[in-house]
Amino acid sequence: MPELPEVETVRRGLTLAMEGVVIQRAEVNRPDLRWPFPDRMADRLAGQRIDSLRRRSKYILGDLSSGETLLIHLGMSGRMTVSGDPLGHFVHEHPMPEKHDHVVFHMANGARVTFNDPRRFGAMDLFPTATAEEHKLLSVLGPEPLGNDFHEQHLIDAFKDKNSPVKSALLDQGIVAGLGNIYVCEALYRSGVSPRRKAGQISASRVAALVPVIRQVLQEAIDAGGSSLRDFRQANGELGYFQHSFDVYGREGELCRTAGCGSIIKRIIQSGRSSFYCAKCQR
């Protein structure tokens, strides 16, 4: 599933074609994805300007001139592509429709934005912008890891007396929003913290040190255009390249990249997910 850097990369790509632009027409080609689409979604989108396109955790939020917000979740295989942008940001001509093109936005500037999702684990919703933070998917989220509310004391307080492994704690969206398996593995490696360690047993100084490392890992991934694992593509069709910089994720059986270490990267299963780490460098 795309993580925060991938979703932020898609948001930035979509902003060029959609922000400040009217949705001339919306095609909704099926009744649902993971959940049913909102009632009359195509009609409610038509003629509305997207005043801002923002991200909350792994969700893209389009605030509309109607006073409603469009929520987009990419799910496991969802991707959004842009074609026909007359402003010159995107060079793709409008493609022929594909089987899994479930929602198509025809923008007033000539761009076409297509949401394609073969597995249909993605989602869309429409709700009043004024009550966005009360939405069932957004109200449970913790602070953004790149925002001011995610700081050392927040993480220290969240980890206090927590008996779950630190890997699980960082994946808890109520503690910090948007972190996923890949970038937690990378952040723990850079911090020298084993994913096996109980969150509540890590010293406050080591917990505090996780915050800038998490920020750095995410920012590097965003700057590199996100990771192009499985079905992910940027909005303009280009691939992301941060996966070439992974230190531990997906490197089971390979040598640790820390100079002089010489150990092999291991993989364990935690809560049904793979954790990659160096047992020598991470304690």
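**Exercise 1.** Classify Tyr249 as buried, partly exposed or exposed from its relative accessibility, and place this residue in the fold.

*Solution.* The model is a predicted one, in which local features need pLDDT of at least 70 and side-chain atom pairs count only at pLDDT 80 or more, while totals for chains, interfaces and linings use all residues. Residues are numbered from 1 along each chain as its sequence is written, and side-chain values use heavy atoms, with hydrogens and water left out.

Step one is the scale: buried means under 20% relative accessible area, exposed means over 50%, and partly exposed lies in between, with a 1.4 Å probe and protein chains only. At 23% relative accessibility, Tyr249 therefore counts as partly exposed. Step two is the location, for which helices (H or I, at least four residues) and strands (E, at least two) are taken as DSSP runs numbered from the N terminus; Tyr249 belongs to the loop between helix 6 and strand 9. Step three relates sequence to space: Tyr249 and Val213 are 36 residues apart in sequence, and their C-alpha atoms are 16 Å apart.

**Exercise 2.** Find how many residues the largest nonpolar core has, and which of them have the most contacts inside it.

*Solution.* A nonpolar core is a set of buried Ala, Val, Leu, Ile, Met, Phe, Trp, Tyr and Cys residues joined through side-chain atoms within 4.5 Å. Applied here, the largest such set has 29 residues, and those with the most contacts inside it are Leu14, Met18, Leu45, Met80, Phe105, Met107 and Met124. Helix 1 (residues 4-18) gives the most to this core, contributing 5 residues. A second core, separate from it, has 28 residues, including Tyr183, Leu188, Ala199 and Phe246.

**Exercise 3.** Establish how many salt bridges the structure holds, and work out which parts of the chain the pair Arg190 and Asp247 ties together.

*Solution.* The criterion is a side-chain nitrogen of Lys or Arg within 4 Å of a carboxyl oxygen of Asp or Glu, and the structure holds 16 salt bridges. In the pair of Arg190 and Asp247, the closest N and O atoms are 4.0 Å apart. Arg190 lies in helix 5 (residues 181-191), whereas Asp247 lies in the loop between helix 6 (204-223) and strand 9 (266-270), so the pair ties together parts that are 57 residues apart in sequence. The two ends differ in class: Arg190 is partly exposed at 28%, but Asp247 is buried at 16%.

Another pair is Glu254 with Arg251, whose side chains meet at 3.1 Å, N to O; Glu254 is partly exposed at 38%, while Arg251 is buried at 9%. Elsewhere, salt bridges that share partners join Glu8, Arg11, Arg12, Arg55, Arg56 and Glu144 into one network.

**Exercise 4.** Determine how many disulfides a search of the whole structure finds, and explain why the sulfur of Cys261 is not counted as bonded to that of Cys278.

*Solution.* A disulfide is a pair of cysteine sulfur atoms within 2.5 Å, and the search finds 0. The cysteine sulfur closest to that of Cys261 is in Cys278, at 3.6 Å, which is too far for a bond. The sulfur of Cys281 has its closest cysteine sulfur in Cys261, also at 3.6 Å and likewise too far. Cys261 is buried at 9%, whereas Cys281, found in the segment after strand 10 (273-277), is partly exposed at 25%. The C-alpha atoms of Cys281 and Cys261 are 7.4 Å apart, although 20 residues separate these cysteines along the chain.

**Exercise 5.** Describe how helix 5 and helix 6 pack, giving the angle and the distance of their axes.

*Solution.* Axes are lines fitted to C-alpha atoms, for helices over the stretch in contact, with angles from 0 to 180 degrees between N-to-C directions. The angle is about 130 degrees and the axes are 9 Å apart. Angles under 35 degrees count as roughly parallel, over 145 as roughly antiparallel, 65 to 115 as roughly perpendicular and the rest as oblique, so helix 5 and helix 6 are oblique to each other.

**Exercise 6.** Locate Asp161 and state the sign of its phi.

*Solution.* Asp161 sits in the loop between helix 3 and helix 4 (166-171). Its phi is positive, at about 60 degrees, although Asp161 is not a glycine. With 69% relative accessibility, Asp161 counts as exposed.
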